[in-house]
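Good morning, everyone, and thank you for making time for this. I would like to walk through one model with you, beginning with how one of its chains is divided and then turning to a helix and to some ring pairs.

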Amino acid sequence: MQHSHDAQGYWKATLGLLTKILIVWFMVSFGAGILFADLLNGIKLGGYPLGFWFAHQGSIYIFIALIFYYGKAMGDIDREFDVHED
Amino acid sequence: MDLQTTTYLVVGASFALYIGIAIWARAGSTSEFYAAGGAVHPVMNGMATAADWMSAASFISMAGLIANMGYGGGLFLMGWTGGYVLLAMLLAPYLRKFGKFTVPQFIGDRFYSKSASTVAVVCLLTASLTYIIGQMTGVGVAFSRFLNVSSDTGIYIGQAIVFLYAVFGGMKGITYTQVAQYIVLIAAYIIPAVFISIALTGNPLPQLGLGSTMSGTDMALLAKLDTVVTELGFGKYTTTTAGSTLNMFVYTMSLMIGTAGLPHVIMRFFTVPSVAAARSSAGWALVFIALLYTTAPAVAAMAKMNLHGTVNTAVKTGGDLYAEESSIKADERPDWMKRWEKTGLLKFTDKNGDGRIQYYNDATKNPEAKAKAEAAGWKGNELTVNADIIVLANPEIALLPNWVIALVAAGGLAAALSTAAGLLMAISSAVSHDLVKGVFMPDISEKGELMAGKIAMAVAIVVSGYLGLNPPGFAAGTVALAFGIAASSLFPAIMMGIFSKKMNKEGAMAGMLAGLFITLFYVFAHKGIFFIKGTEFLNLIGGANPFFGITPEAFGAIGALVNFAVAFAVDKVTKEPPEHIQHMVEAVRIPRGSKMVDGAH
C-alpha cells in the first residue's frame with residue numbers, strides 16, 4: 001500500500017463529516033425527542049404532537065437518511081483523496 | 001382448519017425452510033464459518049443484521065413496554081436505532097478494513113497485547129452469554145404459548161433447530177437463515193398492525209394511522225387515547241417520561257452505544273465484500289429494523305386503545321367511563337380474554353363483587369380520577385395485563401383470521417432463533433479463534449480450528465439451553481447488563497483504537513477495566529453481587545439511583561465516560577504505542593487496500 005495520499009487531509013475531511021452528522025443525530029433524538037419534546041408538543045403534525053413524533057417516529061427516519069448520506073459523502077471524500085477501493 | 005393445526009402447519013413450514021437453507025449453505029472453510037466467505041451482499045447482510053438484532057424481546061415485549069410507558073418508551077425506539085448511526089460511522093467500516101474475524105482480535109492487535117484481547121474475550125462472553133439466556137427462555141415461551149408444548153420441550157426443539165444450521169453452516173448458514181427469518185418475522189409483525197390500523201383509523205399504514213383521526217370522528221387517535229387514560233388515572237400517553245428527563249437522556253445514550261458495541265452485531269459487518277459495502281449495509285440494516293421499530297409504537301397505542309375499548313364501552317361511545325353500565329360484565333367478556341387468562345398473562349379479580357370488570361389505575365395521584373373511582377364504588381383495579389399480551393393477543397383482540405395468529409407464532413420463533421444463532425456465533429468464534437488459536441494452540445491447522453469452532457458452538461448451545469431450562473434468578477436483569485458491558489467496555493476501546501493513534505495498551509486496558517468495574521458496581525449495588533438476592537449494597541452508596549437519579553439500566557453511558565477518562569489519563573503518563581501500530585491505525589482509516597477477512601494472527 002502506498003502512502004502518497006494526503007492522510008491528514010483525508011482524516012480531517014472525515015472528522016468534519018462525522019461532526020456534522022453527529023450534530024444532526026443529537027439534535028433530532030436528544031434535542032427534539034427528549035430535551036425540547038415538551039416545547040415541540042405544542043406543534044401538531046397531523047394527530048401527532050411534534051416532540052412525541054420525534055421520539056417515536058421521526059428520529060428513526062432521520063437516522064436512516066443520515067447513514068445513507070454518510071455512505072455517499074464518504075465515498076466522495078474517498079475519491080477526492082484517491083483512497084477509494086478499486 | 002382449527003387454529004392449532006394452522007399454527008403447526010405454518011411453524012412447521014418455516015422450520016423446513018430454515019433446515020433446507022442450512023443444508024444448502026454448509027461451511028467448508030474457516031472463512032465461510034466465521035465470515036460467510038466475505039461475500040454477502042450489503043442488502044442481504046442488512047436483512048440478516050436486522051434479524052440478528054431483533055430478538056424475542058423486540059418482537060414480543062417491546063410494543064407492550066411502550067404501551068405501558070407511553071412517550072417514555074421512545075427511549076427504546078431511539079436508543080436501539082440511533083446506535084446504528086454510531087456503528088455505521090465510528091466502527092463498522094474500520095473494523096471491516098482491519099479485516100479479521102473477531103472483535104477481540106482487533107483489540108489484541110491494535111493494543112499489541114494478548115491481555116487486552118483476553119479482557120475483550122471476557123467482556124464479549126459475559127455480554128453474549130447473559131443475552132442468550134433471555135433468547136433461550138424466549139424460545140421456550142414462544143413454543144409453549146403457541147404450540148401447546150411445555151416450555152422445556154420448546155427449548156429442546158429450539159436447540160435442535162439451531163444446532164442443525166449453526167453448527168454445520170457457521171456464519172454462512174446463519175446468514176442465509178437469518179434472511180429467511182427476517183422475512184417471516186417482519187410479515188408477522190406488520191400484517192396484524194395493518195389490519196388494526198385500518199380498523200381504527202382507516203389508514204393502512206400504521207405509521208400514518210397513529211397520527212390520524214379515529215374512524216368516524218374528527219378526534220386524533222393519540223388525543224383520544226390521552227383523554228381516556230388520563231381520565232382512568234394513568235399518566236398522559238404522549239408526555240409521560242421514563243423517570244426524569246436526565247434519566248431518559250442517559251438511558252437512551254446507553255442503549256445507543258451499547259447497541260454499537262454488541263459483538264454479535266459488529267461481526268455481521270465482517271461478512272460484506274468491501275468497506276463501502278459495510279457503510280451501506282448499516283443503512284440497509286436500519287431500514288429493515290425501522291420497518292418494525294416504526295410500526296411498534298402504532299401497535300402499542302392502538303392495542304392499548306383496543307384493550308380499554310374492550311373492557312369499557314364508554315371508550316367508543318365517548319360516554320362516562322365511570323358509569324356502572326360502561327364496564328363490561330365479566331360473564332360477557334370475549335373468548336380471547338378467557339384463553340389468555342389460562343396462561344396467567346391476563347388476570348381478572350372482581351374486587352368489588354359487581355360482576356363487571358373495572359380497569360383503571362388505582363394508585364393514581366390524580367385526585368379527580370381518584371374521587372370518580374371512589375364515587376363509582378370501584379374497589380381497586382380488577383384486570384392485570386402482562387406487557388407481552390399487546391403483541392401476542394393483538395390479532396385475537398382485533399378478530400383477525402387464524403392464519404395471522406399462526407404467522408405471529410412463526411414470527412416470534414424466528415426472532416428468538418435468529419438472535420440466538422448470532423450470539424452463538426459470537427461466542428464460538430471468540431472461543432475457537434481468540435482463545436484456542438490465539439492463546440492456547442497458535443499452530444492449530446485450519447481444519448482443526450474449524451472443528452474447534454463447531455465444538456465450541458455445540459457446547460455453547462448445550463450450556464445456553466441448560467441456562468434457559470434452569471434460568472438463574474437474575475435472568476430478567478441480564479439484557480440490561482449485556483448493554484451496560486458493551487457500552488462501558490467494548491465500544492470505547494474499539495473507538496479509541498481507531499480514532500486515537502496514540503492510545504496505548506495501558507490506557508485501553510485500564511479504561512476497559514474501569515468502565516466495566518464501575519458499571520458492574522452500580523448494577524450490583526442495586527441488584528445484588530452477581531444478582532444474588534440479599535447481597536445488594538445500596539446503603540453503601542446512599543440509596544437507590546444515587547447518581548443523579550440514574551437507574552442501573554441506564555448506567556452504561558456513564559461507564560463509557562469513565563472508560564474514556566481513565567484511558568486518556570493513563571495514556572498521558574505511559575509511553576506511546578510503537579511506530580508500526582500507529583501505521584496500522586493509519587492503514588485502518590483508509591478504505592484502499594481492503595481485502596477479504598482472514599484469520600491470520
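When I speak of domains today, their bounds come from an automatic or database domain assignment. Please also keep in mind that what you see is a predicted model.

With that in place, chain B is assigned a domain 1, made up of residues 3–112, 122–304 and 398–471, and a domain 2, which covers residues 307–389. If we take the centres of these two domains of chain B over their C-alpha atoms, they are separated by 34 Å. Where the two meet, domain 1 of chain B contributes 16 residues to the contact, and domain 2 of chain B contributes 18 residues.

Let me now move to chain A and its helix α3, which runs over residues 50–80. A straight helix of 31 residues would span 45 Å at 1.5 Å a residue, whereas α3 of chain A spans only 39 Å between its end C-alpha atoms. Where does α3(A) bend? The bend is at A:Gln57, and its angle is about 50°. Just after α3(A) we come to A:Asp82, which takes a positive phi of about 55°.

The next topic is aromatic rings, and over all chains the structure holds 34 aromatic pairs. One of these is formed by A:Tyr10 and A:Phe81, which meet edge-to-face, with 6.0 Å from centre to centre and 75° between the planes. A:Tyr10 belongs to helix α1 of chain A, residues 7–35, while A:Phe81 is in the segment after α3 of chain A, so this pair ties together parts that are 71 residues apart in sequence. Are these two rings buried or exposed? A:Tyr10 is buried, with a relative accessible area of 1%, and A:Phe81 is buried as well, with a relative accessible area of 17%.

In chain B, the ring centres of B:Phe33 and B:Tyr34 are 5.7 Å apart and their planes lie at 75°, so this pair, too, is edge-to-face. Both B:Phe33 and B:Tyr34 are buried. Chain B also has a cluster linked by ring pairs, whose members are B:Trp53, B:Phe76, B:Trp80, B:Tyr84, B:Tyr131, B:Tyr251 and B:Phe483.

Finally, there are charges that sit over rings. The charged end of B:Lys100 is placed over the ring of B:Phe98, at 5.3 Å from its centre, and B:Lys304 lies over the face of B:Phe234, 5.6 Å from the ring centre.

Definitions and conventions
Residues are numbered from 1 along each chain as its sequence is written. Chains are lettered from A and ligands numbered from 1 in the order in which they are written. This is a predicted model: local features need pLDDT of at least 70, side-chain atom pairs count only at pLDDT 80 or more; totals for chains, interfaces and linings use all residues. Side-chain values use heavy atoms; hydrogens and water are left out. Helices (H or I, at least four residues) and strands (E, at least two) are DSSP runs, numbered from the N terminus. The expected span of a helix is 1.5 Å times one less than its number of residues. The bend at a residue is the angle between axes fitted to the seven residues ending there and the seven starting there. Rings of Phe, Tyr and Trp (its six-membered ring) pair if their centres lie within 6.5 Å; planes under 30 degrees apart count as stacked, over 60 as edge-to-face and the rest as tilted. Buried means under 20% relative accessible area, exposed over 50%, partly exposed in between (1.4 Å probe, protein chains only). A charge sits over a ring if NZ of Lys or CZ of Arg is within 6 Å of the ring centre and within 35 degrees of the ring normal. Contact means heavy atoms within 4.5 Å.
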